[in-house]
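Work through the exercises below with the model open. Each task is followed by a stepwise solution.

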Amino acid sequence: EHKDMFKSGASRSIEYVVFDVIPSEEDFTEAKNTVLTIAENFKNATDIEAFVAANSQEQFDYNYYKESDLQGELANFVFGSSKNDVYGPILNGDVYMMARVSDRRMMPDSIELSRIVLNPTMVQQADSIAELASKGANFAELANKHSVVEGTQGGKIAYNQLPREMAERLFNAKKGEIVKIMDGNALQLIRIDDRMKEQPMVQLGVIIHRIIASDATRAAIRQTADKF
C-alpha cells in the first residue's frame, strides 16, 4: 500500500584515484634561484613598496607593528636590524618569505577618539561645529544634535584598524585636536581624546613567493595519469 514511500533513485559505485599536482624537485630548485635573486635585489631597493608590489604574490601591508605583534626570530631581526637588512628568504613548506623594514616610527599602537559623522555636503557646517568644539562646547551634545549616526561613535581604536589615509591624518594629531576627514560618503569630525604611550613600531615590506608546479611538471603528472 505504501510502495511510493520506498522508492530509491539510481545509484552508482565509483572507484577513482587522485594524482596530486605538486611541485617537483626541479620546481623547488628553480624557485630557490628566483627567490635568491629577488632577495639580493631587495637589499638595494629604494622604493620598498613598489618592489614588493612587483615581486610578491601578496599586497603590501601598510600596517605598523610593535615587537610583541611579531614572532620569534622575525621580531628579534626587525627590532635589531639596520634598515637595509633582509630577513630570509625562509622556506616554510612550499612558501618562501622574506621581509625588510619599510619604515620605523615612535607611535602609540592605539588612540581614543570621538567622532561626529556628517553628510559630505555639510562642509561649512562642519567648520562651524569644529570651531564650537575647539572653544569648549560639549562634544557629545554637538554629536547628538548634528551627527547622522547616534552618539560620538568613538572609543579606543588601534591604528591598524583605521583606514590607511585616516591613520596617516591622525598620526600627528595631538590630544584634544579636532581633525576633519572626508571618508567615503561621510564627513567626519574626529577629536583625539587620548594617545596611548608611544613605542617603537615598524612597517614591513614582506615578499611571499609560493612554489607552484610548472607546466612541465603538470604535463608529466598528466602523462602518468594517462598511462594509468
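The model is predicted. A starting point is one bridge: A99 is partnered by V206 in strand 7.

**Exercise 1. Place strand 7 in its sheet and find what packs there.**

Step 1. Count the bridges. Strand 2 and strand 7 pair antiparallel over 12 bridges.

Step 2. Set the order. The open sheet has 3 strands in the order 1-2-7, with antiparallel pairing.

Step 3. Find the edges. Strand 1 (87-92) and strand 7 (199-210) each have a single partner strand, so one side of each has no neighbour in the sheet.

Step 4. Check the twist. On average, neighbouring strands of this sheet are turned by 30° against each other, direction ignored.

Step 5. Add the helices. Helix 1 (residues 25-44) lies across strand 1, strand 2 and strand 7, at about 20° to strand 2. Helix 2 (residues 48-55) packs on the sheet and touches strand 2 and strand 7. The direction of helix 2 makes about 25° with that of strand 7.

**Exercise 2. Sort helix 2 into a buried and an exposed side.**

Step 1. List the buried residues of helix 2: I48, F51 and V52.

Step 2. Look down the axis. The buried residues of helix 2 fall within an arc of 100°, so they line one face. An α-helix has 3.6 residues a turn, so residues three or four places apart point the same way.

Step 3. Name their cover. The buried residues of helix 2 pack against helix 1, strand 2 and strand 7.

Step 4. Turn to the opposite face. The exposed residues A53 and A54 sit there.

Step 5. Inspect the start of helix 2. A side-chain oxygen of D47 comes within 3.4 Å of the backbone nitrogen of E49.

**Exercise 3. Trace the largest nonpolar core through helix 6.**

Step 1. Find the hubs. Among the 17 residues of the largest nonpolar core, I111, L162, L170 and I190 touch the most other members.

Step 2. Assign the elements. Strand 3, helix 6, strand 5 and strand 6 give two or more residues each. Helix 6 gives the most, with 4 residues.

Step 3. Follow L170. Its contacts beyond four places in sequence include I111, L162, V179, I181 and I190.

Step 4. Separate the second core. That core has 15 residues, including V35, F51, V52 and V86.

Step 5. List the buried residues of helix 6 (residues 164-171): M166, A167, L170 and F171. They span an arc of only 140° around the axis, which puts them on the same side of helix 6.

Step 6. Name their cover. It includes strand 2 (95-107), strand 3 (110-118), strand 5 (178-183) and strand 6 (186-195).

Note on methods:
Residues numbered from 1 in each chain as written. Predicted model: local features only at pLDDT ≥ 70, side-chain atom pairs only at ≥ 80, totals over all residues. Heavy atoms only, no water. Buried < 20%, exposed > 50% of the residue type's maximum accessible area, 1.4 Å probe, protein only. Arc of directions from axis to C-beta. Contact = heavy atoms within 4.5 Å. Pairing = 2+ DSSP bridges. Axes fitted to C-alpha atoms, helices over the stretch in contact; angles between N-to-C directions. Core = buried A, V, L, I, M, F, W, Y, C linked by side-chain atoms within 4.5 Å. Polar contact = N/O pair within 3.5 Å; in protein donor to acceptor, adjacent residues only side chain to side chain.
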